[in-house]
Amino acid sequence: MCLVYVCSEEESELGRQQAPGSCPYCGGKVLAIDFESQCRFCFLPICYKIKKKYFCSLCSRRLELYH
């Protein structure tokens, strides 16, 4: 008997806007991008998450926000 689990996660971009501050590596502008991710199990959506990620517009590095 063969049992196969099919799990996937899809991300789609919802919007982007300029964030305050500058990149610590190159001094470029920071972009805040909102993503929606969907976790699926056997093609059925399990959960939705909305995440905000920060990127530099010049060097394209992903930036982390520390509190």
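**Cysteines, core and strands**

The structure holds 0 disulfides, a statement that applies to a predicted model. For C39 the reason lies in distance, because its sulfur is 3.6 Å from the closest cysteine sulfur, in C47, which is too far for a bond, given that a disulfide requires sulfur atoms within 2.5 Å. Seen from the other side, C47 is likewise in no disulfide, and the nearest cysteine sulfur is that of C39. C47 is partly exposed, with a relative accessible area of 26%.

Other cysteines belong to the nonpolar interior, where the largest nonpolar core has 6 residues, namely A19, C23, V30, A32, C56 and L63. Within this group C23 can be followed through its contacts: leaving aside its neighbours within four places in sequence, C23 touches G28, V30, C56, C59 and L63.

The wider chain has 0 helices and 4 strands, which, read along the sequence, give the pattern β-β-β-β. Strand 1 spans residues 7–22 and includes G21. This glycine, G21, counts as exposed because its relative accessibility is 56%, and exposure is assigned over 50%. Between G21 and L31 there are 9.6 Å in space, C-alpha to C-alpha, for a separation of 10 residues in sequence.

Taken over the whole chain of 67 residues, buried residues make up 21%, while the accessible surface comes to about 5,400 Å², with 56% of it belonging to carbon and sulfur atoms. Of the contacts in the chain with a separation of 6 or more, 41% are accounted for by residues 24 or more positions apart.

Note on methods
Residues are numbered from 1 along each chain as its sequence is written. This is a predicted model: local features need pLDDT of at least 70, side-chain atom pairs count only at pLDDT 80 or more; totals for chains, interfaces and linings use all residues. Side-chain values use heavy atoms; hydrogens and water are left out. A nonpolar core is a set of buried Ala, Val, Leu, Ile, Met, Phe, Trp, Tyr and Cys residues joined through side-chain atoms within 4.5 Å. Buried means under 20% relative accessible area, exposed over 50%, partly exposed in between (1.4 Å probe, protein chains only). Contact means heavy atoms within 4.5 Å. Helices (H or I, at least four residues) and strands (E, at least two) are DSSP runs, numbered from the N terminus. Accessible areas come from the Shrake-Rupley method with a 1.4 Å probe; for residues, only the protein chains shown count as cover.
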